[in-house]
Amino acid sequence: MSVTLNVTGMTCHHCVSSVKEELGEIDGVSNIDVALNTGGASVVTFDASASVTDEQIRDAIDEAGYDIVELTRA
């Protein structure tokens, strides 16, 4: 399953690394990609197993210090 997030507050490549690190700690998350948009919401996409919950994803992004404005599963 593919997950797409719109995340606000990211301004640099260190931000990208933080988000990738936090999401990467969730069992079942792989292939994380971040399209940094310093003037708005950055787009984060990754593959996730069905066992990965929205709460785990939100907690990881919160731990990295950012906010999700939209979460979509496909």
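## A four-stranded sheet with two helices

Two helices and four strands make up the secondary structure of the protein chain. Keep in mind while looking at it that this is a predicted model. Read from the N terminus, the elements come in the order β-α-β-β-α-β. A UniProt record, an unreviewed entry, puts the feature "domain: HMA" at residues 1-69. That span is 33% helix and 35% strand, and its end C-alpha atoms sit 20 Å apart.

**Overall build**

Along the principal axes, the C-alpha atoms fill a box of roughly 30 × 20 × 20 Å. The radius of gyration is 11 Å, which agrees with the value near 11 Å that a compact globule of 74 residues would have. Of the 74 residues, 36% are buried. The accessible surface comes to about 4100 Å², and carbon and sulfur atoms hold 44% of that. Long-range contacts are well represented here: among contacts with a separation of 6 or more, 63% are between residues 24 or more positions apart.

**The sheet**

So how are the strands laid out?  The four strands form an open sheet in the order β2-β3-β1-β4, and the pairing is antiparallel. β2 (29-35) and β4 (67-73) are the edge strands; each has a single partner strand, so one side of each has no neighbour in the sheet. On average, neighbouring strands are turned by 20° against each other, direction ignored. As a general point, strands of a sheet pair through backbone hydrogen bonds, either parallel or antiparallel.

Look at β3 (residues 42-48) and you'll find β2 paired with it in the antiparallel sense over five bridges. These two strands form a hairpin, with six residues between them. β1 also pairs with β3, again in the antiparallel sense, this time over six bridges. Here are some of the residues that face each other across these pairings:

| Residue | Opposite residue in β3 |
|---|---|
| Ser 2 | Asp 47 |
| Val 29 | Ala 48 |
| Ser 30 | Asp 47 |
| Asp 33 | Thr 45 |

Asp 47 turns up twice in this list, opposite Ser 2 and opposite Ser 30.

**Helices on the sheet**

Helix α1 (residues 13-24) lies across β2 and β3, and runs at about 160° to β2. Helix α2 (residues 54-64) packs on the sheet too, touching β1 (2-8), β3 and β4, with its direction at about 150° to that of β4. β3 is therefore touched by α2 and also has α1 lying across it.

The residues of β3 split between two faces. Ser 42, Val 44, Phe 46 and Ala 48 belong to the covered face. Val 43, Thr 45 and Asp 47 belong to the uncovered one.

**Three residues up close**

Start with Ser 18, which is found in helix α1. Is Ser 18 buried or exposed? With a relative accessible area of 17%, Ser 18 is buried, since the cut-off for buried is under 20%. Leaving out residues up to four places away in sequence, Ser 18 touches Ala 64 and Tyr 66. Ala 64 is the last residue in the range given for helix α2, residues 54-64.

Next comes Asn 6, in strand β1. Which residues does Asn 6 touch, not counting those up to four places away in sequence? The list is Ala 41, Ser 42, Val 43, Asp 67, Ile 68, Val 69 and Glu 70. Val 43 is 37 residues from Asn 6 along the chain, yet their C-alpha atoms are separated by 4.8 Å.

Ala 41 has its place in the loop between β2 and β3. At 27% relative accessibility, Ala 41 counts as partly exposed. In sequence Ala 41 and Asn 6 are 35 residues apart, while in space they are 5.4 Å apart, C-alpha to C-alpha. With the same neighbours in sequence left out, Ala 41 touches Asn 6, Val 7, Thr 8 and Val 69. Val 69 also appears among the residues that Asn 6 touches.

Key
Residues numbered from 1 in each chain as written. Predicted model: local features only at pLDDT ≥ 70, side-chain atom pairs only at ≥ 80, totals over all residues. Heavy atoms only, no water. Pairing = 2+ DSSP bridges. Axes fitted to C-alpha atoms, helices over the stretch in contact; angles between N-to-C directions. Contact = heavy atoms within 4.5 Å. UniProt positions renumbered as here; feature names shortened; annotations may be inferred. Rg over C-alpha atoms; globule rule 2.2 N^0.38 Å. Buried < 20%, exposed > 50% of the residue type's maximum accessible area, 1.4 Å probe, protein only. Areas by Shrake-Rupley, 256 points an atom, 1.4 Å probe, with all protein chains shown as cover.
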